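Please open the model in your viewer and keep the selection tool at hand. The stops below go from one strand outward, and each says what to select and what is found there.

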Amino acid sequence: MLKLIRLEWKKNNIGKQIRIAVITTAVLMLFMLMTARELETTETLEAYGKSMLDASVALFVHMSYMVFTGVMIAGYIVGAYEKKTINLMFSYPISRAKIILAKVLAVWIFDFVAMVISKALLYAGLLLTKSVTGINAEGLLIGEPSFWLDAVLSSAAMVSISFIALPIGMKMKSSKAAIVAAVIIVCFTQGQIGSVTLVNNMTFYAVLFAVAVASVWLSVRRVEVRDVM
Amino acid sequence: MSYILQTSRLTKTIGGKELVRDVDIHVKKGEIYGFLGPNGAGKTTVMKMVMNLWKPTQGVIELFGKPLTPQSYEVFRRIGSIIEFPTFYEHMTGFENLRMHCEYMGYYQHGSVDKALEMLHLTEAAKKPVKNYSLGMKERLGIARAILCKPELLILDEPTNGLDPAGMKQIRELLRTLCTEQGTTILVSSHILSEIESMADTIGIIHQGRMRKEIGLKEIEEMSLAYMELTVQNPERAAYVLADQLGLSNFKVLDGGIIRIYDNRVTIEEIAKVLAINEVAVTSLGRKAETLEDYFLKLTGEVKADA
């Protein structure tokens, strides 16, 4: 499976995706440095259960990389059907379910790692520059394991939830549909209308996570017996 | 007789539309099997089912003596294929695409990629990204990929699409070499008669989703496809004489006083003699062989467009 994942990265131009991730993180860093000063950075947001600064980092990283996950789902999986490279893949002596799972994992692992690294870099950037920018970074409790556990688990959850876009793209046979679906999922999970937000609603996330798992299962189920159209 | 590939009553229906029905094909080891049919006849449908891309609505496919099931993966280690058109990872070079193919096939033989590229005259282009390749180069790279892992069975769907005449000839020669020197069995489809005629050992003719005939090229040459053709001034009387005096029924009266006799029980001399006795003036008389094209058109019931 590891070999299949590695090959997926290679043929889908992982170098380009790494460059995009680096640029995304750099832009987010710049944005945070420019805006954080305006935030009541130490204020604890009830809806988020964390400080304003921490919540802002999480929000922007999640939004960016969930869309990016949608783009990668479109490229790695839906695009393979669109461009018919999946016909080639299915002519190899490898189980089709394994091929699709390798694609799913290639996207998941990349975006999860990118999301965690991006958060870590943003935290580091904010802390290292606080004397220059004057940001009050007390809200970043980087010494506490729960802080990092939250950063890792929320990244895993957000990347997973993005996979709800997969069956939508597959059903509509459209990469664009997968990306649009990912954007809509971002709006639902990260958005806020007035004081109403589902950002810290664990039940909502549990349901979405279950839907995401079901989405991947739906995409892999019967792949052996379905015609490749 | 054991076959490398055979299908039995292969049928595919999609959305209520029957694409092929009861197709039986029998591909013997070490032969080139030409799958011939007009566009839309069902050639690609059959090949997609053989490659497990589409599942048969009915019927059975046997590859190397074993039934093909949705879980048959290992068998594809022994097969090279191009179905419809070859697809590549366009940002990667031709060389990288072939290397990746080897990785997926689990085939590691030093120098095999270079050799395949050389066989298809792509050595110079190997380091260019595939997005810069012409249609013909992509087709040749597809064939290089299909033969790369020394498959026992090669399945090629219209492999000469996009090639110039010299390229087409080169591919025909390559396939013949693979067949004779490596014992590769080849199933190759085409709608171009001359192409199939010049390389196949056996021809399967498909038309409107039905298999019309499976026949060896030698058989075509030997069987009743050879006929006698005579031109007479009074075809009605000649037809009467042929039926009444010689007891012939397998003949056809065409325009211009031409009569074609497909019955090989009588000789030209006998026909000439009987017609002369019955005062039928004959302006020409000779033996001709039906071309594969004539045979194909007869089976498919089509009119030669450029006649």
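Which residue is the bridge partner of Phe35(B) in β10(B)? Select Phe35(B) and then Gly204(B), since the latter is that bridge partner.

Before going further, note that this is a predicted model, in which local features need pLDDT of at least 70 and side-chain atom pairs count only at pLDDT 80 or more, while totals for chains, interfaces and linings use all residues. Residues are numbered from 1 along each chain as its sequence is written, and chains are lettered from A and ligands numbered from 1 in the order in which they are written.

**The strand β4(B)**

Now select residues 32-36 of chain B, which form strand β4; helices (H or I, at least four residues) and strands (E, at least two) are DSSP runs, numbered from the N terminus. Of its 5 residues, 5 are buried, a residue being buried if 20 or more other C-beta atoms lie within 10 Å of its own, exposed if 12 or fewer, and partly exposed in between, with C-beta atoms placed from the backbone. Ile32(B), Gly34(B) and Leu36(B) point one way from the strand, whereas Tyr33(B) and Phe35(B) point the other way. In a regular strand the side chains alternate between the two faces of the sheet.

Add residues 185-190 of chain B, strand β9, which runs parallel to β4(B) and is joined to it by 5 bridges; two strands pair if DSSP finds at least two bridges between them. Here Tyr33(B) stands opposite Leu187(B). Then add strand β10 (residues 202-207) of chain B, which pairs with β4(B) in the parallel sense over 4 bridges.

**Two loop residues with positive phi**

Select Asn52(B) in the loop between α1 (43-50) and β5 (58-63) of chain B, where phi is near 65 degrees, a positive value in a residue other than glycine. Asn52(B) counts as buried because it has 25 C-beta neighbours inside 10 Å.

Next go to Glu279(B), in the loop between α9 (268-277) and β15 (282-289) of chain B. Glu279(B), also not a glycine, has a positive phi of about 55 degrees, but this residue is exposed, with 9 other C-beta atoms within 10 Å.

**Domains and the contact with chain A**

Colour chain B by its domain assignment, which gives domain 1 (3-216) and domain 2 (226-289); such bounds come from an automatic or database domain assignment. The C-alpha centres of these two domains lie 45 Å apart.

Finally, show both chains: the contact takes 20 residues from chain B and 18 residues from chain A, two residues being in contact if their C-beta atoms, placed from the backbone, lie within 7 Å. Helix α2 (residues 94-105) of chain B supplies the largest share of the chain B side, 4 residues.
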